[in-house]
Amino acid sequence: MDYQRFFEDAIDQLHAERRYRVFADLERIAGEFPRAIWRANGEAKEITVWCSNDYLGMGQHPNVIAAMQSAAGSMGSGAGGTRNISGTNHPLVELELELADLHGKEAGLVFTSGFVSNEASISTIARLLPNCLILSDELNHASMIEGVRRSGAEKKIFRHNDVAHLESLLQAAGRERAKLIVFESVYSMDGDIAPIEAIADLADKYNAMTYIDEVHAVGMYGARGGGITERDGLAHRIDVIEGTLAKAYGVIGGYITGSAALIDAVRSYAPGFIFTTALPPAIASAATASIRHLKASSAERTEHQRQAQRTKDVLSAAGLPVMPSETHIVPVLVGDPELCKMASDRLLGKHGIYIQPINYPTVPRGTERLRITPTPFHSDALIETLKDALLETWQALGIPFTETQQPEIAKSERIVPLLVSKSGG
């Protein structure tokens, strides 16, 4: 049997569907974010990153870097083992206390990544509940979907943010059956927000548990960065609040917070927690420094919201197809996978602007887009430069503008690509 052929065929299929992904070789420049060095074809070029999830630039904050360096200098580079075998270091204990305080919960539990925290926690919680029914939003992240799958529990998918549909499923299940509602606060591709209060009301009415993913909101919203649940005064109504240390906090790792009993149960039963090496003390110390800073400082959040809104306003006014978004996410519709990739390549090669294309299966076919994430460090001047680069790219590739504004360009100046259908065929 030619085993390699199966892998080659799988990659060929991605190429045929225009979904093959190429990673840019980037080197971030601490102190100059969002500037980075891009290396390609033996050359190095300074570019501007417009799609980072380091939303507040905390990955370069002096307090965060100093905490990491200090911990590594005093405790070494690694954790030394799993949490059960020599890997529970004091900075990690401090971090879990800080996270519990952030969300007003009794306890917290840190995992090696946000993906692992969702996969391990959802699957474990549902397995521990007798005859559990999981009710999952249809646009939940892949890590949540994997947690649901691995639980082995029955699942029902409710239409995105559709409270009426969710209620019909809860009603059919009955009050006595164990039920777990899993959903996100901020959905990262469209930038919309879940009806958290309405979902909490339904959970109370039908005796269900709630599990919310706040990875794109922690650090970003609320007086202390506790996310949308803190901003809206709803954290106490949610059973499990999950988050990440890898986005607004600028480090790496994932976590859950909840009651002491629930956290202890997940700690004791989740294979994804038990059988993996703990986060190193340097990482834990850096994350704690970042959380503490953002609990006390709102300056980063205020400036971030200003620049996100300004980016939306400037790009929309220029006739670019900015998709509706309630949050800091700025999606710009392309609508075709090949054009999306070409636009990303042109922005990087010609304009020194890095925005990764977002194609199927991350988003539905026909809604391919550039996902722009402004930060407090994207100045008004950089926003204007971005606008000009997008206009040139849209015009050169013949990508549709909004219906109200169609900048004119001679046909001879356009690059006409050979397009596949929007279904990827």
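# Close-up views of the predicted model

**View 1. H328 and its surroundings.** H328 is buried, with a relative accessible area of 0%. This model is predicted. H328 sits in the loop that runs between α12 (299-317) and β11 (330-333). Its side chain makes a polar contact of 2.8 Å with the side chain of Y221. Y221 is one of the residues in contact with H328 once neighbours within four places in sequence are set aside. The others on that list are Y55, V186, H216, M220, H304, Q305, A308, I372 and P374. For scale, take I122, which is 206 residues from H328 along the chain. The C-alpha atoms of H328 and I122 are 27 Å apart.

**View 2. S185 in the loop between β7 and α7.** S185 lies in the loop that joins these two elements. Is S185 buried or exposed? At 0% relative accessibility, S185 is buried. The side chains of S185 and E214 are joined by a polar contact of 2.6 Å. Beyond its neighbours within four places in sequence, S185 is in contact with D192, I193, A194 and I196. I212, D213 and E214 are also in contact with S185, as are A217 and I228.

**View 3. The salt bridge between K295 and D101.** The side chains of these two residues meet at 2.7 Å, N to O. K295 belongs to helix α11 (residues 281-296) and D101 to helix α3 (residues 90-103), so the salt bridge ties together parts that are 194 residues apart in sequence. K295 is buried, at a relative accessible area of 12%. D101 is partly exposed, at 41% relative accessibility.

**View 4. E146 and R149 within helix α5.** A salt bridge of 2.5 Å, N to O, joins the side chains of E146 and R149. How many residues apart are E146 and R149 in helix α5? The two are three residues apart in this helix (residues 142-151), so about one helical turn separates them. R149 is exposed, with a relative accessible area of 54%.

**View 5. A salt bridge from helix α7 to helix α6.** K205 and E167 meet through their side chains in a salt bridge of 2.8 Å, N to O. K205 is in helix α7 (residues 196-206) and E167 in helix α6 (residues 163-173). The pair links distant parts of the chain, 38 residues apart. K205 is partly exposed, at 47% relative accessibility. E167 is partly exposed too, at 22% relative accessibility.

**View 6. A salt-bridge network.** Salt bridges with shared partners connect E98, D101, R224, E230, R292 and K295 in one network. D101 and K295 are the pair from View 3, with side chains that meet at 2.7 Å, N to O. Across the whole structure, a search finds 30 salt bridges.

**View 7. The largest nonpolar core.** This core holds 52 residues. Which of them touch the most other members? They are L95, I181, F183 and L245. At least two core residues come from each of α3, β5 (133-137), α6, β7 (179-184), α7 and α11. Helix α11 gives the largest share, six residues.

**View 8. L245 and its contacts.** Setting aside neighbours within four places in sequence, L245 is in contact with L95 and L99. G250, V251, I252, G253 and Y255 are on the list of contacts as well. L279, A287 and I291 complete it. Another core lies apart from the one that holds L245, with 33 residues, among them A36, A318, V332 and L370.

**View 9. The whole chain.** The secondary structure comes to 14 helices and 14 strands. Along the principal axes, the C-alpha trace spans about 70 × 55 × 55 Å. The radius of gyration is 22 Å, which agrees with the value near 22 Å for a compact globule of 425 residues. Buried residues make up 54% of the 425. Among contacts with a separation of 6 or more, 71% are between residues 24 or more positions apart. The chain exposes about 18500 Å², and carbon and sulfur atoms supply 53% of that area.

Conventions. Residues are numbered from 1 along each chain as its sequence is written. This is a predicted model: local features need pLDDT of at least 70, side-chain atom pairs count only at pLDDT 80 or more; totals for chains, interfaces and linings use all residues. Side-chain values use heavy atoms; hydrogens and water are left out. A salt bridge is a side-chain nitrogen of Lys or Arg within 4 Å of a carboxyl oxygen of Asp or Glu. Helices (H or I, at least four residues) and strands (E, at least two) are DSSP runs, numbered from the N terminus. Buried means under 20% relative accessible area, exposed over 50%, partly exposed in between (1.4 Å probe, protein chains only). Contact means heavy atoms within 4.5 Å. A polar contact is a pair of N or O atoms within 3.5 Å; within protein, one must be able to donate a hydrogen and the other to accept it, and residues adjacent in sequence count only if both atoms are side-chain atoms. The radius of gyration is taken over C-alpha atoms; the globule rule is 2.2 Å times the number of residues to the power 0.38. Accessible areas come from the Shrake-Rupley method with a 1.4 Å probe; for residues, only the protein chains shown count as cover. A nonpolar core is a set of buried Ala, Val, Leu, Ile, Met, Phe, Trp, Tyr and Cys residues joined through side-chain atoms within 4.5 Å.
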